[in-house]
Each structure stands twice: as C-alpha cells, then as structure tokens.
Amino acid sequence: MCGIVGYIGDRQAYPIILNGLKRLEYRGYDSAGVALLNGDIQIYKKKGKVSVLEEYAADKDVTSKMGMGHTRWATHGAPSDENSHPHLSMSGNFAIIHNGIIENYATLKKELLSRGYSFKSATDTEVLANLIEDFYINNNISAAEAVRIALNNVVGAYGLVIICKDEPEKLIVARRGSPIAIGVGDGEYIIASDATPIVEHTNDVIYLNDDEIAVVTKNSHTVMNLHNVLQTPHIQRVEMELEALEKGGYDHFMQKEIFEQPRSIADSIRGRINPETKSVWLGGLVDVREQLRDAKRFILVACGTSWHAALVGEYLFEEYARIPVEVEYASEFRYRNPIIEKGDVVIAISQSGETADTMAAIHIAKEKGALVLGICNVVGSSIPRATHAGVYIHAGPEIGVASTKAFTSQVAALAMMSLYIGDLKGTSTPTSREVVKELIQIPEKVRRTLELNTELIQISEIFKDATNFLYLGRGYNFPVALEGALKLKEISYIHAEGYPAAEMKHGPIALIDENMPVVFIATKDEYYEKVVSNLQEVAARKGRVIAIVTEGDTVVKNLAEFVIEIPETAHSLVPLLAVIPLQLLSYHIAVMRGCNVDQPRNLAKSVTVE
C-alpha cells in the first residue's frame, strides 16, 4: 500500500518524483523519501507526509537525472526516519524502495547477520537490499542478475525499484503481487505503483506481470522473468484526464468524489443500456455468455466497501437472475478450502484492481475451475488481467481513501450484470424492464439527492461530538447501513455499527438511550411497515432518530427527529440514492472534528498486502 515513483531521462528527476509522490500519497502517508544518483546515492527521507520531506530537502542537493521516491504505509517497522524508504545496502552500493511484504525476511536476516551484515532499520526491505548486495559481491554478476537471484530466494509480495551505484545508467524494477507500471516516454521512463504519476508525462504504459524484472535505461527497457527468460511486454495506451487527479475547487478529494457521482454513475451505464428495448448489453461478458447462462451459483468476493456493494449484488442477482449467490470476504475465502464446482462463477470486486486478498481469491477460484469475472475501476490493473472476463465501472480516478463513487458505480454495474444475466437465463420480467428504465434516471436523481447537502451540514453539526452511531436497514438497505457505518468509522473515528433493523432487538437495542444517534434507511418498499415498527421501538427509548425516507413520506416525519427525503426509485436501486446522505453525513462530521478525510489515520487506498 505504498507509493512508488522512479525516473530516468534527461530532465531533473527530483521535481518529477516529488510531484508523483504527492499524487500517490493516498497509498501511504506515514513517511516519505527519495534516492538520487549523482556519483553517490543521496537519500533524503523523513517520517510524516510528503510535505515534510519536501521541506526537509529544500536546502539539499537534489541534482540528478535519475532517482526514485517512496511514500510509505508501515508494515514491518513503526513509522520513523530510519524505517522510511529508500533503504541502502550495508556498503551503500544498492538503494531500494519496496511495496509489499517479504514473509521470510526473519530467516534471511538471521543468515545475513551471521555473514557480518548490519541493519539500521526494522524493515523487511533493508533485508532484501543486503541480500541483493550479498549475491552481487560474492558472484561477480550484474546488478540485475543479483536482483533476479535474490528474488528467487524471497517469499512474499513486492513491487520494487532498485538503484546500483556501480551501474548508474539503469533502474531495476520488479513485481510480484504488487503493481508496477512503467511509463514509456521520449528518452525517459517514469516508474510508478499506478498510472497517476505517469499520465502527465506519457500515456504509454507497460504493466509488469508477476515474477517479471525490468532493466530500464533512459532509451530502452528489457523485461525478463525470474527464470531469466526474455519477455515481450505490451505497451498499453492509458487515457486519464489530468483534471481528474486534482481537487477542482473542492476542499477534499472525498467531497469532490461524492459530488461527481451523477457523472460517474452515468459513465458506468453509458453505452450499456438500450432505452428502447429496456435491455442491458455488457460487451465485456459477451465471450462468456453461455457459461453465465448455465451457471449454477455465483460467489462474490471483495473487501471493505466493495464487499458492501457485493451484498447489494446478492439481492440483485437473486431477484433478477434467480440464481443462488454467496458473498465472501476475500480475506477469509482465500484461507478456507472453499467448495467450488463446475458451473460456479466467482466475481471479484475491487476499485483498485490490486487488492491482495481478492487477487489471492481469484487464483484459488481459477485453480478449482470456476469462471472468474472482475468488476474493477482501474483499467489495466491486476484483477482485470487475471480474470476470464469482466466489467469496468468507469468511475474515474478515486483518490480519497474512503470509497464513495466507486461504491455506487459498483452497485450500478452489479445491477446491470444481474439484469443482463436474467435476460440470458430467461428470468426477466416486466419489473426487470422497469428497473432498466429507472437506472437511466438514477444520475439525475443522485444530483437531486446531493441538494440535501446543506441539510446534512446542519445535522452533522448536532451530532459531530457523538461517540457512537447505529445504522439500521432491511433488504437492499441493510448493506447501505453497513456502508454508512463504515464511512463514519473510517474518516471521523466515531464508533458505528450497521445492523439489519430486525436484529436490533437481538442485542443492539441495549445501547439505545437519549444520547445514541440511530440512522434508519426507511424508504418505501416491502419492508417499510416493519422498519417503521423498528423505528418506533427506538423512539420509545428516546434514541435520536435520523431517517432516510422516500420523498413525500408523512408517517416517519412524525416519528423521527430528523428526516432526509430522497427521490423515489425502484426498490432495488434505492442503495444508489440512500448512500449519498450517509456519505455526506460522515464527510461533514469528519471535517467538523478536524479529521483528515482524504487520508484517515492508519488507512491507505490500495490494499496490496495482507
């Protein structure tokens, strides 16, 4: 979950690297550092955000046309200057930056200590730096060959950039389980852990595959695998608007991304819905239509917010495709011995397309013979390349660590997928056609829902000092309750729980008192009367009720302390609207509490380690 940037070419490397680190800070922000080669390897690194590094290096010599930088999210070793990357080998001949975990680092470190090596940090990365140096010194081989041999002795995940002082015209890059992109410019290369630092310099990108090593000079690149077999990398054209990587006048990326949702959902459904026939067409699934039609079971695997989207997907698939669905945490799925049979379809959902647990679940599912699909946002990321087919959500770059627009675009994609498969299986009904028609109207209804912002600021002011929140919903709105609670926890650090409303009586009702805010999603659907009954139980115990209701509701208005009205839509699409006020509520409470909403403590955006 760290950010990596490297540069080699004819321009000064430091400004390019620093700007790239700022773009990647959402991937890790407990420390940052750079290594520049100009005769000797100069390393400047500091605990804290990239701005701390920038201030520290302001009076340093940063003259170099080759270098690399890193912004860290700590795994091994607490955040500190010493544990920050880059790390030097003991002789100072190698510098290394690393995203991932070397699982057998303790064994390797013990061996290196016995051979006279010493260590300045508590990181697994410094162990790798010295392991590379040991092979290099003792075997009279090239730096790239030393890296290759060392990596054949490593267990774990890595995205690496390495500099060798003896070979000053090269950057060595390697990948296993952690993304690395190589931007191919005119007489220069920009390496990064994703494309966001690259696209302002070039749109031509090579994505390294697992167990590949690249040797990059300013005019060339060579790629080999760990068995020293040359590879032919594919140069991919990446289209990304630079303004999508800026705040665009908003105070925070999260705020911008919340308000982008009318457009991001529209982009997700664009070209995929025929308004005349009220049908869905997903080009990414065309080649697997027969397998989808004959599927016996769907298993949705995801983590975090994507898991909540998967829960909505379970309701959608069961209703419109009439097929059994299981939703699994990828982190649990990968360590069980799951029963996967012929005819099963596994759908992996991930905003980044790089989530380590979800990638591991994909490998297990493929080994067991399942058809594996992906629902991802980042084009060219690992999950789309590892799956048999899939759907991009086209939400645009999501920089805020707490996911917002990706969630709604994932739900929109799952809705379309369930309707598409329903057509293939012959389970479509007139209701399905109405849902397709209603999906076209969702972006405008999201825009109207965002007009509640001022109202939610006022409610946030009242509850910003609360210590606990409870979120309740039923049916399609139960996953929304979970997502609302997660958002509040992530960015405001207020404890919150999401529950099915009917389960409140089985424990959580003991928490209700005059200080407990309880958020109900109480929209008009088949559960409405039941949810109103649950709401009355909370009100009778003096809980402070905030209710999300359908426009025009008069019943809940007389029961709840605060009522937020959202536009009416098909019950299966309510999550796309009901989640918006919850995102705004968490955002405004966090801002009022002085929290860093884009970079919440202890969290990072792309979880590429366990």
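Start by selecting residues 87-88, which make up strand S5, and then add S6: the two strands run antiparallel and 2 bridges join them. Keep in mind as you click around that this is a predicted model. Now pick out His87 and look across to S6, where Ile96 stands opposite. Follow the hairpin of S5 and S6 round its turn; there are 5 residues between the strands, and one to click on is Gly92, with a positive phi near 85°.

Before leaving this corner, step back to the peptide bond from His85 to Pro86. Is this bond cis or trans? It is cis, with omega near 5°. Pro86 belongs to the loop between strand S4 (66-72) and S5.

**Along strand S6**

Next, select residues 94-102, which form strand S6. How many of the 9 residues in S6 are buried? The count is 9 of 9, so to speak of S6 as mostly covered is fair, given that buried means under 20% relative accessible area. On to the next neighbour: select residues 156-164, strand S7, which runs antiparallel to S6 and is joined to S6 by 9 bridges. One place to see this pairing is His98, whose bridge partner in S7 is Leu160. While you have strands on screen, try showing their side chains: in a regular strand the side chains alternate between the two faces of the sheet.

**Into a helix**

Select helix H7, residues 261-269, and find Ser268 in it. Ser268 has a relative accessible area of 1%, so it counts as buried. Which residues does Ser268 touch, if you leave out those up to four places away in sequence? Show Ile393, His394, Ser409 and Met416, and you have them.

**Rings that meet**

Time for some aromatics. The structure holds 9 aromatic pairs. Select Trp307 and Tyr329 for a stacked one: the centres are 4.0 Å apart, with 10° between the planes. This pair links distant parts of the chain, with Trp307 in helix H9 (residues 304-321) and Tyr329 in strand S19 (residues 325-329), 22 residues apart. Turn on a surface and check the two partners: Trp307 counts as buried because its relative accessibility is 12%, while Tyr329, at 39%, counts as partly exposed.

For another arrangement, select Phe463 and Phe562. This pair is edge-to-face, at 5.5 Å centre to centre and with 80° between the planes. Phe463 lies in helix H15 (residues 453-463) and Phe562 in strand S27 (residues 562-566), so the pair ties together parts that are 99 residues apart in sequence. Both Phe463 and Phe562 are buried. Add Phe469 and Tyr471 to your selection, and you have one aromatic cluster made up of Phe463, Phe469, Tyr471 and Phe562.

Some rings have a charged partner instead. Select Tyr493 together with Arg601: the arginine lies over the face of the ring, 3.9 Å from the ring centre. Then try Tyr528, where Lys524 lies over the face at 5.2 Å from the ring centre.

**Two loop residues with a positive phi**

Go to Asp211, in the loop between strand S11 (204-207) and strand S12 (212-216). Its phi is near 65°, a positive value in a residue other than glycine. Asp211 has a relative accessible area of 28%, and so it is partly exposed.

Now jump to the loop between H9 and S19, where you will find Arg322. You have already visited both of these elements, since Trp307 sits in H9 and Tyr329 in S19. Arg322 is not a glycine either, yet its phi is positive, at about 50°. Is Arg322 buried or exposed? With a relative accessible area of 58%, it is exposed.

**Zoom out**

Finish with the whole chain in view. Colour it by secondary structure and you will be looking at 18 helices and 27 strands. The radius of gyration is 25 Å, close to the 25 Å that the globule rule gives for 610 residues, so the chain is as compact as a globular protein of that length. Along the principal axes, its C-alpha atoms fill a box of roughly 80 × 55 × 45 Å.

Of the 610 residues, 61% count as buried. Among contacts with a separation of 6 or more, 72% are between residues 24 or more positions apart. Lastly, switch on the surface: the accessible surface comes to about 23000 Å², and 48% of that belongs to carbon and sulfur atoms.

Technical notes:
Residues numbered from 1 in each chain as written. Predicted model: local features only at pLDDT ≥ 70, side-chain atom pairs only at ≥ 80, totals over all residues. Heavy atoms only, no water. Buried < 20%, exposed > 50% of the residue type's maximum accessible area, 1.4 Å probe, protein only. Helix = DSSP H or I, 4+ residues; strand = E, 2+ residues; numbered from the N terminus. Pairing = 2+ DSSP bridges. Phe/Tyr/Trp six-rings, centres within 6.5 Å; stacked < 30°, edge-to-face > 60°. Lys NZ or Arg CZ within 6 Å of the ring centre and 35° of its normal. Contact = heavy atoms within 4.5 Å. Rg over C-alpha atoms; globule rule 2.2 N^0.38 Å. Areas by Shrake-Rupley, 256 points an atom, 1.4 Å probe, with all protein chains shown as cover.
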